[in-house]
Structure formats: structure tokens, C-alpha cells
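Got the model open in your viewer? Here is a walk through it, one selection at a time.

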Amino acid sequence: MQKFLFMAMKSPQAEGFLKRPVFTAFLTLFAAFFILAPVGCSPNNPYRSTDKGKDIFYTTFNEPPKHLDPARSYSSDEYDIIALIYEPPLQYHYLKRPYTVIPLTAEKLPTPAYYAKTGARLPQDAPPEKVEKAVYEIKLKKGILYEPHPAFAKRQDGAPSYSSVSDATLEGISEARDFPLKGTRELTADDYIYQIKRLADPQLESPIFSIIERYVLGLTEYSQALKDDLDAVRKKRKETAGPSYNRDTDEKENPIILDYGRHELPGVEKVDAYTYKIILKTKYPQFIYWLTLPFFSPMPIEADLFYKQAALMKKNITLDRFPVGTGPYRMGVFRPNMEMVLAKNENFHEEFYPSEGEPEDEKAGLLRDAGKRLPFMERLVFKLEKEAIPRWNKFLQGYYDNSGLTSDSFDQAITFGAAGKAELTEFMKDKGIRLLTAVRPATYYSGFNMLDDAVGGGGAKRQKLRQAISIALDFEEYIEIFNNGRGIPAMSVVPSGIFGYDGGAINPYVYTLDTGRKRPVRRTIEYAKRLLTEAGYPEGRDSNGAPLIVTFDNPWTGADTAPVINWYIKRFKLLGIQLENRTTDYNRFQEKMRKGNFQFFSWGWNADYPDPENFLFLLASANGKVKFGGENVSNYTNPDYDRLFRQMENMDNGAERLRIIKEMIAMIQKDSPWVWGYHPVVFGLFHQWVENVKFNPMANNAVKYLRLNAGARSLLRGAWNGPVVWPVFALIAALAVITLPVVISVRKRAARKRNG
Amino acid sequence: MLTYVIRRILYAIPIVIGVNVLTALLFFYVNTPDDMARKILGEKNVTPEAVANWKAEHGYNLPSFINAKESGAKVLTETVFFQKSIPLLWLDFGRSDRNNIDIGTEIKSRIWPSLAVSVPMFMAGLIVEVFFAMMLAYYRGTYLDVWGMVMSVVMMSVSTLFYIIGGQFLLGKALRIFPISGYDTGVYSLKFLILPVIIGVIGGAGAGVRFYRTVFLEEMGKDYIRTARAKGLPEGKVLFKHALKNAMIPVLTNVVVSIPFLFYGSLIMETFFSIPGLGNFTIDAIQSQDFAIVRSMVYLGSILYIVGLILTDISYTLVDPRVRLK
Amino acid sequence: MPVILSTDLIVYFVVSAALYFGLSARNDGRAREVWFEIRKNKLALASMCVLCLYGAAAMADSIRFRDALVDEKGAPVVSSDGAVLYSPQPLSLLDRALPGMRGNSEKTYSAPFSDRLFVKETMETPDGRVVRDYPLLKHPHDHALGTDRIGADILFTALKGVRTAIVIGTGATVVIIPFAIFFGVIAGYFGGFADDAVQYVYTTLASIPGVLLIVSFMLLFGSRGYQGGVVAAKDAVLAVFVPNDRLFWLCLILGITSWTDLCRLIRGETLKLREMDYVQASLAFGSSRMRVIYTHIVPNLMHLVLITFVLQFSGLVLAESVLSYIGIGVGPQTASWGNMINASRLELSREPVVWWNLLGAFVFMFALVLPANVFGDAVRDALDPRLRNR
């Protein structure tokens, strides 16, 4: 080994290299790189040259998806992928507003049939307390085929080809698409029923099970029965194996497959091959929205069994990573730590671009493709980009077709016009980039712990204290600083775009209405201080003269969040109240919330579906965090509110519902258990070559409507990305000019020294 | 020789076990299974039943170290420690807590991108560092040496983050010469690797040049070099023929120690450049608190370190026969 | 009412130790020699001056007390049971010396010495037109390094970061020195089982990847500690001392991950010293082993400790920024250069670029680490002539 190394270093090349002027070698190296790199075509292009000019949509994801199994996945990033592969019976209309549910694989929208305890059919407007059973009958379109997939591949005798795969057959196979044989079959009602049963499977830990079991008839019992089966299998295995039994290792070798057919689930019923019924325990009009979510998409039993093979699981080929669906796209390449490629599904059924929308859609060119067959794009490439900076820069270079907007790239992209309307900057307009905005059905709020002695509780004094703080936390300023104006200050819990939101209404405890300009004006700090005095804390001091200290809990451990915390402290100080920050990691934070061990906190809520119930329930006492582990983190209790909530909960939208909602909002505005915070506004940017773009935060499968002008894209990319190489040459030249004389003189001196 | 190697490996066993116990202690007390379950189940609709179910599903419903409810050997085996940590000893990493992927398979597939960055970075770094170190040693005591040393101290005094941010900004964004970040498979990965390698080499050069310069100078202060000079050999020949040959010992050992860590990748480099290697994997796991993965990576890191120690000892004996086999 | 954090003790210790060395250099022969050696090197001398400045800033920022509350008339507020009430917010000497910088905050970003905000805002002119322009600052031309996202003065933040850097750079080593000496000496002097045990411990610790060890440790202890800002009653012992300081935990774990080298060095040196004639002689004259260790061995290890101390300093300061990047460094409320670099990552992608936050962190960090490296080299050369030229 020693000899070898020595030889290498002694080679004539090395010796010559060292004796010649130092930078020659580097010069050659760099020169070679730049001469070889074809000038004019962009060396910074991150894609292969073979993909140039193809109909491929490029976008990003910022962390590897955790679950692609529709029973488990519950995040919008994952929905961006699986909503294109799995098809639940219903979907949102792409263009229409307010958000409208339309059929996807169902023939038509199901209308629930309500039954009383006696079994008698009730009318549609039956009061919720009378309804004993609500039946949704869903009839599927015929002739819908699954994507070509190895799970459907069959041998001559009709048995599945890959029912007992060994390690040997998996040689060279690392993804589901690598299997040589593939098959397909028609979509049936059984697949939908199978998936609903999967939601109850304890092994799958479906995140919505705890909600859905409240509605679907008999789901709780069914899940318990499956759990008992599972425990029995495990117990038996443990007993037969003896003390060295390792469950993880064993279940990796022999996965437990539960038989869903062993128990009866009364909540679902098969009518015929294409029709099934879902039976709910109560009236629940919002259930129609659940039917647009991937949780209710079909799951072929073949796929489930195919993936539950030890050899496949060992290679990480699982249903959680390789979906099997009927949608417009199928999983092509799946390398979640680098990229995911969705390819057009050859077997996709007929679906057409919508031919009606909002009035202005026609003018915006959104109906140009009306009636054309979906989808338009050949491939979708999702690239992993964790860091905001590279993502933004690559978007500007034309390598991503769309981009969100971080507040740091904001000034580069957006200016506000004279009327305060967001517009693109000249720089962005020159690039032909288009801007879309939409209010997200979400709310980011700060809240008080209503169980706390100092800030919580009822009574006029406490209300005034909380109102004063609500005024001091100037969310207009917050939005300006941290979100560049991308947000709407919240007046209550219900965001814009949701039934019950009134753009003209204000929160009278925090704002006054400037009647001339017709817009809310935040009450002054002086007013807040007066309130504080009335609350018993003049200048933020209690009757003893000691300053009021409020603890602030948040899970913001990142360094980017330091300014936000300091902003809160700064605003509280205006009232003379000391805010004691208690940032902890997310687990501790949740633990404190759960135990009610906090005074003031900050959190957010994203809607599951566009219905006010999904927001107002956040303050219902039955959802109290401390008592019931629900989502009412403030632990707000108000019997009147609860009563109205129960009344409103299962009502159909109408004047009566609106009246109740307004009454509820007035109550919580007065009590101020929350500082209402703001509703985020999303800004999306698209390059000029992407068409049919309209923001739809509810529809997860919007990509299938997009069309791409790939030719224009490659031209512009080329024009934008010529490399700038002269500074490199200049740098090398400068270095050489500086260094050469030094080296020469030093050498001369050294030589003199040696000789003399 | 063989018995020596075997003995060294046997010495390593208690260390491996120690690491195992220590990581188990740290992880099960840092994060109780309840914490893990809540973190993983997400923000919405987390009921106590869901938490209990998660723990049962992932085998965290057992006691940590001693199960008083069982009898016989099961007192020890029916515990989280036995079920989760002991299989690590034979490199059975199990499945991740968050999405049930097989960690061993994932590690295997991620080693290559890590190596694709770390090996060229290491090799190029070594060449550049040794080259400049020799140059400084050759011109020792002159202005070139003084300024070279000042430059390396200056370069050492800059945080890696500055190098990365600056490099991406300059070469990727302003000059548009390289893709800012990303990765591809096979030969296509080449264009993504140049920028991280350049930045890595520059970032490490300061410390490296200093180190190797010392090594060469130390060698050149020895008696046999003086003899060679006295014989009238030209300085260049003395340096490259005699000094270099013997200075290879510390250089080589330094190389050997580093080899195992090349597999481990670089946490920061990989996240900034979106390279799907092991470093990235670890950061992901830390951020999403998937402790099954973090535990595996801690363990893997320890094993690599121990392998490095053993390799160093062996290479010493190979290179320098004077080192006795103890 | 003074407030003392556990990390303040580290600063006090380091500063007084430095003063002690400085004073003892007058009469102690060895220290004097070292001092002469360092004095020959002009660069090292200049570096030392810079380091002293940093040390002074850190010291000024570590002496803090809470003021008594006063009412509008200026009379102290007294609670119903007669005790004087103090503000919960402690202010350090540094805070008090620079009230302008601390208080003069703007709304958001502004460039160095600018008189306007860096971000346009919608404003109404007196005649009712709505325009979008850069508003004037409240304190124009006042911010030498500009302001950050919430309008705080960056020069002040950077100055506050000095203490954090010094605490981490010195604290990690200081906290762990007693253990390293104790275990190193035991292993080296007694050999046998003790040696095996100590070697086992440090090899095991060293073989766990440092970052991961730090992550889990900080999750366990760090997140519950004091992170700056208001001092809550529950954090303080006797209303004065705050033992549970997040920064302290960070020092401790950084020490644990870096002590093995020192321990190994000490062990080797002790092995050598044990065989020295004078040690053997001392034993022969009947000195107890403890006494020999105390009088002959430990004092002769101090140069190793000092060398390690100065050499590790710069590495630890740099490490802080990387740890803050992963989110396990100092808390968000503690001013640190790592936090500044982190924030600047996003700022660099703004257009136009917000560069002054990065510049501030860079300049301050560079101006500390460079002299630290130079001075560290000089100290090593002076203390251990064998190592000269390294």
C-alpha cells in the first residue's frame, strides 16, 4: 500500500505539475470545463436534455410524503399526489364558486334519505334530532378501469401472477412499475366498501377514524372486532415463539392479514356491482364533502393483498408508497427523497374539461378548452426542494412551472397598485409570470386559556382584559411585516369563502367602522389602556402594583420565528403587560395544551371542508381540549353558544342558519377567548406557458385541468439562462497576474539562498 | 496479524453494546412513546384511543427495560429495549415509526448519493490540501508561506454556512453556471455535484493545508533529511523523494480514519443541495422526530467510527513496522 | 436586584482566570516566559487586544439586574406586604450603556444609515390619495448596520451575540475541564481497571455522532430552560440565580462531545509524568499518592488544558451557527450570530437583497474567530515549544 501511494506521487506528471508555475494546471482544468460545456445552452439546466420540449409539468414538494395510502394520508402535500391517482365518488367543480361538489366516479350526486326511529322516511328538511338513519346511495359510472398494475396481472388459470413473490422474483425490482406483467379490471362498488372497512383497521391508524366513527353506523364496533382479531393473532404468535420473540422482526417476515369479511359492518351495503350505500347514524349534511376526500376512494382488494407480501415490504414496495387508482395519472417514478413522476394513465376513463364557470372565466380564457378530454399533460414531475431559496431561483430561471410565494421573495414579485391591489412587479411582468390570489379557508389565531385564573374566565373584567390585548395585537401590522399583506385580519373564527362570513361586518370590540371609507379601523392603544384600567390593571399593573405577566406558549423553535415572538412581546409591552415567552418543542407544547397548563398560545386551523361548522366547533365546549381532548384549545365554555351550535351543526345552509351563526359570532367576539388573528391569503405564481390556471384550494386534483405550451417554455428557458463565464476567467487571470511575480521572485530568492 | 484484527474487533463489542444502551436511554427518555405518537399522528383529531392504538401497533406499549408483568426471560424480552434496540446489534434496523418503511433498505439506497458527493469532495480536497501544503513547506519561511498561512487561518475563520450560501448565490444564481441544487441518477448527477464539491473543498482547505503543512515540516526537521541535504541533494528532491515518502504515514492514517465517514454523508451539505443521501435522511428524521431512524443512524455512525478506529490501528502496523502489535 | 444566570458564572470565571494569569505573569517565572514569548508576536498581541474587547463586551452583558418599579411620580412601587417590586425584565450593563440602540426600533427592515424603511407601504397623503412608498424611519440615519425584520437594530443584536459566542466558545470547555482532568489523571495514573473503564467511557461517547447526541440532549434538557427575556419566578432561585439556562445545557453537551480529546491527552501526559524521577522521588519520600497527583501531576497538565481551551474556542463559536441552523442551538430569544445567519438565508433571496444582517454576523464572527485562531496558535507555541511551527 505504501509503495503504491509513493508511486502515484512520484509519477512524472505530479513532479512536473509541482515544478511549473502554480496555476497553469488549474487554468487548464477550468478552461477545459468551460470549453466542453457548450456555451449558449444553459449549463444550469437541472433536467436531462432528452426531456427538452416535452409536455412535462415541473413543480416541487418540500418534504417526502409520509403516506400515500388514501386511508392514512391527511396532508395537503400528499393530496396533491394521490388526488390525481385515486378517485373518490365526488369532487369539487374546478371553476364554480362558491365551491360546488359534482360527481366524479358517481353517476350523480347522492341525496341522503332520512329515516326516523320507526323506519319511516322523513323529508329533507327533517330536524336533526328526529333523524335516526341517513342513507347515501351512490351509483357508479360503468366501464371505469384501473391503471395497469402488477396487482391485477393474472395467470392462465385466473389466479394472480404475483400472489406469492419471493426475493428471487424481485431481483432488479425496486418500484411497482418494474414488474413485467401488468393487468387491469373494472372499478366496482366493492372497492369503495373495502376502503371504508380499511378506515377501521387498527393496523392502518387512519387519522379520521375518530371522526368518522361518530357518524358511520357500526364502525366503532367493527373496528373493535378487527382489533380483537389482531390481538388474538399476536398473542398466539407470541406464545408459540417463546421468550426470544421479536414482534417487529416476525411481522416483517409474516405480515398479519386481517379478514375484513369475518365481521359485519352495518354502515355500508352493497346494492349491486355498481351501487353501494353508506348509512350514517345522524343527519350530517357535511358528509357530502367527506366523499370528495381520498379517504373514500376505491381500494381494490387485489392491491391490498399484493402489497402485503413480506418480500415486497422488505423492499419498501408498499401501498403507502405505490398507489393503485383509476385517476388521470399513475405513479411513474417514485424516489421520494429526490423526485416523483406521475405519468398519464393509459386506462383513464372519459372526463372532460368543464364548460361552465364563473362569469369572468370566459373572458380569462378559462373556457377555451371546454369539452376537451382530460388530462392534458403527459407527465408531472415533482422535485424535492427543501430550501426556499433554490426553489424560488429555479422558478425564476423557468425550471419550475409554478411557485408559491415566500414573504422574502415578495418584494421582487409583487407591488401594490394605487388602490392597494396586489400586482406583479415589472420584472415579473416582463417574464410573463401570472399571479393568482385566494383566501385560504383557514385561520391563524392566538388564544387565551379560559381555565386560567388570570386571563381566563367569564365576567366583564376578564372580557375587557382580553379585548384590550386583542386591540394591542395589531394584526394589520403583523400581516404587513411577516406576510407582506397576504392575509385578511380576522373578525371572528369564520374565514372568507365560508357560509356565514360577512365581509362588511366588523368585530365591534376591536374595531370601529370608518363609515366614510367603509372599512374597519382598529381601536387605539389608548382605548385599550382604558379597557385595561377598567379590567383592574391600570398601566398593566395589578392592584398591588406588580406588573401583569402573561406566559406565551408556542412551538416556534426555528430561528426564523424569533422575530414573531419578539413582535408579540413588543405589542404586549404597549399595554405595560410583560409577556413571558415559553417556546418549547412541539411535543411539550401539545402536552401543555392538553393539560391546560398555559395562559396564552398561538395556533392555526385548516378547514377539512368548506362549512362553518368546521370552524365554529373550535369553540364548542364539547370539544374542550383539557376535558375531552378536542380541538377547543382555549377551553371556552358558553352554554348559550353550545346550544346554538348544536342547533346550527346539522342544518342546511339558509337564512335561519345564517342568523344563528351571526348570533354565535357576536357571543364569541364579546368574550374574546381568541385574538382572532388572520386568514391567510395564498399567492400563486405561474409562468406564461401554463394555461387554464384558476386557484381552487378545495380541489386537490386541479392539475388535471392544466395545459402546457412546452415549445414556448424551452425557448424562454434558453433565453433566460445563458451562463456568465467571464468573471471566472477574469478571476483566474487576476489571480495569475498577482501570484506569478510572487512565485517567480520567491523561487529566485530560494535559489539564491541555496546557492549562496 | 489476523489474531490482532480479531482481538481489535472483540474489543469493539462492549463499545457497541454501550452505544446501544446509551442511545436507548436517551431516546426513550427524551421522547416518551406518547410524545412520539402525538407528534406522528398530527395536529388534528388525536384522541387518547388513537394514541393507544399507535403505541400498540408500533410496539411501544411495553415497559422500557423491565416488564414486571411477565415471567422468566420475558421479563427482559417483552420490553421496548429488547424489541427495538437489540436487533440493531445485528444491523436489523426495523421499520420507521412514521411511515413504516424498512430502514435498512432505505439506508442502502441512500448510501450512493452520499458517496457521490463525499468521495469526490474528499479526494479533491486531499489533492488540493496536500498540493498547497507541499508548496508552503517548500517555500517555508518566505512571504508565500506567511501569506499562505494567513490565508488558511482566514479561511478557517469563516463558517461553513457562509461558504454554502455564498457559493450558491454566486455560482448558481448570479453567474448561472451550475444548477443551484438538486440531484439525478447515474451520470446525470455530475452537473449537480460540481458546486457542492467546489464549496466543500474551499471550506475545508484552510484547516487541511495547515495540518498537512505541519506534517511535512515535522518530517523535514528530522535527521535523515539533514543528512540528505548535507549530501548536497537539491531541495526539491529532498522534499519530494524523502520527506514526502515518510510524511505519507500521517496522511494515510488521516485518510483511513475518514473513509467510514464518507458513507455517512454531510448533514448540512446534503440539505442545502437537496442530495438524497444519508445526511439528508438523518435531518429529515430529526425534524419529523422519527426516532427509529435517528436511533439507527446513531448506531450506524458509531459502527463506522469504530471501524475507522480499527482501520487506523491496522494501517499503522502496515505502514510502519516499528509499531508493535499489542 | 441582580440576576445571575448559570452561564454568567462561566463568563465570570473565564474573565477572572484571564485576569489571574495576567497578574501572575509579573512574578511567576513560567507565566512570564510565556508572556514574553507571546509578546514577540505582534499579530498575537493585536489579536489579544481584540479578544479583550470581546471579553469586556461579554462581561458587560453578563452583569444584569432588575430595576425597582416606579409609579408615575417616580416613587418606588411597594406591594401590600411591604416588599419592593422589581421589573421582571433584567437589563445588563450593555443594555444600559446603549439605551438608544436598544430602544430605537423601526417597523421592519431598513438599510444601514438609511432614513427610510426598506419596504414600501400603502400610505395616505393629506389630500386623500393612496400612494405606495418607503416611509420615513422613526430614527433616521441611526442604524449603523440597519434593522432586521421587526425593526431591531442589527448592531445591537450583533453586540448581544458577543456574549452568546463567548459563553459557548469558553463554556463548553470550562464546564468539562474538571471531568476531563479527573478521569484523565485517574486513567493515566492508576492504570489497570480504572484506565480500561475511562477509556471505555470516552470511546463509547466519542463513537456516537456528535450532532445526534446534541440533538437528543437538547430535546431532553434544553427546551425547558431559560431563554432570555422575562425572568419568571419559577426559574429563579432566591429571586437571583437562574440555574436552568438553555445556553448552559448547550455548553454542557458541546463539552461532552468534545472532551474525549482532552481526556486522552491528559491520560497520555499523566502516563509520562508518573514515570518522571521527581514524581518517583516524591513517592519514595512518603508522599501520599493523592498529594503527588495534586502537587506534581495536575499543575504540569495545565498547559495542555490551556492549549485545548484556546484551540477549541473558534471551532465552538462556528459550531453554534450550524446548530442554530438545525434548530437546536440557542433559543430564538437569545441574540446569536447563528440566528442572524439563519434569518439572512431567506433575506438573501429577497430582491432587492437584504444583506446587512448577514454582513453584521459575518463581521462580528470573523473578527472574533480570526484573532482567536491567531492567538490560539501563539499560546500553543509559547506553552509547548515542541509544537512550534505547527
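The tour starts with one chain as a whole, moves on to places where chains meet, and ends inside another chain. One thing to keep in mind as you click around is that this is a predicted model.

**Stop 1: chain C, the overall view**

Select chain C and show it as a cartoon. You should find 14 helices and 6 strands. The C-alpha trace spans about 100 × 60 × 45 Å along its principal axes. Of the 390 residues in chain C, 54% are buried. If you look at contacts in chain C with a separation of 6 or more, 71% of them come from residues 24 or more positions apart.

**Stop 2: the sheet in chain C**

Stay in chain C and pick out strands 3, 2, 1 and 6. Side by side in the order 3-2-1-6, they make an open sheet with mixed pairing. Which strands stand at the edges? Strand 3 (91-92) and strand 6 (241-242) of chain C do, each with a single partner strand, so one side of each has no neighbour in the sheet.

Now zoom in on strand 1 (residues 2-5) of chain C, which pairs with strand 6 of chain C in the parallel sense over 2 bridges. To see the register, show Ile4(C): opposite this residue, in strand 6 of chain C, is Phe241(C).

Next, add helix 1 (residues 6-24) of chain C to the selection. This helix lies across strand 1, strand 2 (64-65) and strand 6 of chain C, and runs at about 85° to strand 1 of chain C.

**Stop 3: a serine of chain B that meets chain C**

Jump to Ser157(B), in the loop between helix 7 (143-156) and helix 8 (160-174) of chain B. Is this serine buried or exposed? Ser157(B) is buried, with a relative accessible area of 1%.

To see what surrounds it, show Leu318(C), Phe366(C), Val369(C), Leu370(C) and Asn373(C), which Ser157(B) touches. Asn373(C) deserves a closer look: its side chain makes a polar contact of 3.1 Å with the side chain of Ser157(B).

**Stop 4: where chain B meets chain A**

Zoom out and colour chains A and B separately. Here 78 residues of chain B are in contact with 90 residues of chain A. Between them, the two chains bury about 7,700 Å², with 52% of that on carbon and sulfur atoms.

How many salt bridges cross this interface? There are 5 between chain B and chain A. For one to display, select Glu106(B) and Arg321(A), where the closest N and O atoms of the salt bridge are 3.9 Å apart. If you want to know which part of chain B to highlight, try helix 6 (residues 103-138): with 7 residues, this helix gives the largest share of the side of chain B that touches chain A. The interface also has 14 residue pairs in polar contact.

**Stop 5: salt bridges in chain A**

Over all chains, the structure holds 58 salt bridges. For one within chain A, select Arg379(A) and Asp51(A), whose side chains meet at 3.6 Å, N to O. Arg379(A) is in strand 11 (residues 379-384) of chain A, while Asp51(A) is in the loop between helix 3 (24-36) and strand 1 (56-61) of chain A, so this pair ties together parts 328 residues apart in sequence. Arg379(A) itself is partly exposed, at 25% relative accessible area.

Then move to Lys372(A) and Asp369(A), a salt bridge with closest N and O atoms 2.9 Å apart. Check the surroundings of each partner: Lys372(A) is partly exposed at 42%, whereas Asp369(A) is buried at 1%. Add Arg368(A), Glu691(A) and Arg707(A) to the view, and you have the network of salt bridges that also includes these two residues.

One further pair to click on is Asp157(A) with Arg155(A), at 3.7 Å between the closest N and O atoms. Asp157(A) is exposed, with a relative accessible area of 59%, and Arg155(A) is partly exposed at 44%.

**Stop 6: strand 8 of chain A**

For the last stop, select strand 8 (residues 275-280) of chain A. Buried residues make up 5 of its 6, so the strand is largely enclosed by the rest of the structure.

Now bring in its partners. Strand 6 (residues 133-139) of chain A runs antiparallel to strand 8 of chain A and is joined to it by 6 bridges. Show Ala134(A) and you will see Leu280(A) of strand 8 opposite. Strand 7 (residues 268-272) of chain A is also antiparallel to strand 8 of chain A, with 4 bridges, and Val268(A) stands opposite Ile278(A). Follow the backbone from strand 7 to strand 8 of chain A and you trace a hairpin with 2 residues between the strands.

Conventions. Residues are numbered from 1 along each chain as its sequence is written. Chains are lettered from A and ligands numbered from 1 in the order in which they are written. This is a predicted model: local features need pLDDT of at least 70, side-chain atom pairs count only at pLDDT 80 or more; totals for chains, interfaces and linings use all residues. Side-chain values use heavy atoms; hydrogens and water are left out. Two strands pair if DSSP finds at least two bridges between them. Contact means heavy atoms within 4.5 Å. Axes are lines fitted to C-alpha atoms, for helices over the stretch in contact, and angles run from 0 to 180 degrees between N-to-C directions. Buried means under 20% relative accessible area, exposed over 50%, partly exposed in between (1.4 Å probe, protein chains only). A polar contact is a pair of N or O atoms within 3.5 Å; within protein, one must be able to donate a hydrogen and the other to accept it, and residues adjacent in sequence count only if both atoms are side-chain atoms. Buried area is the accessible area (1.4 Å probe) that two parts lose on being put together, summed over both. A salt bridge is a side-chain nitrogen of Lys or Arg within 4 Å of a carboxyl oxygen of Asp or Glu. Lists of a residue's contacts leave out its neighbours within four places in sequence.
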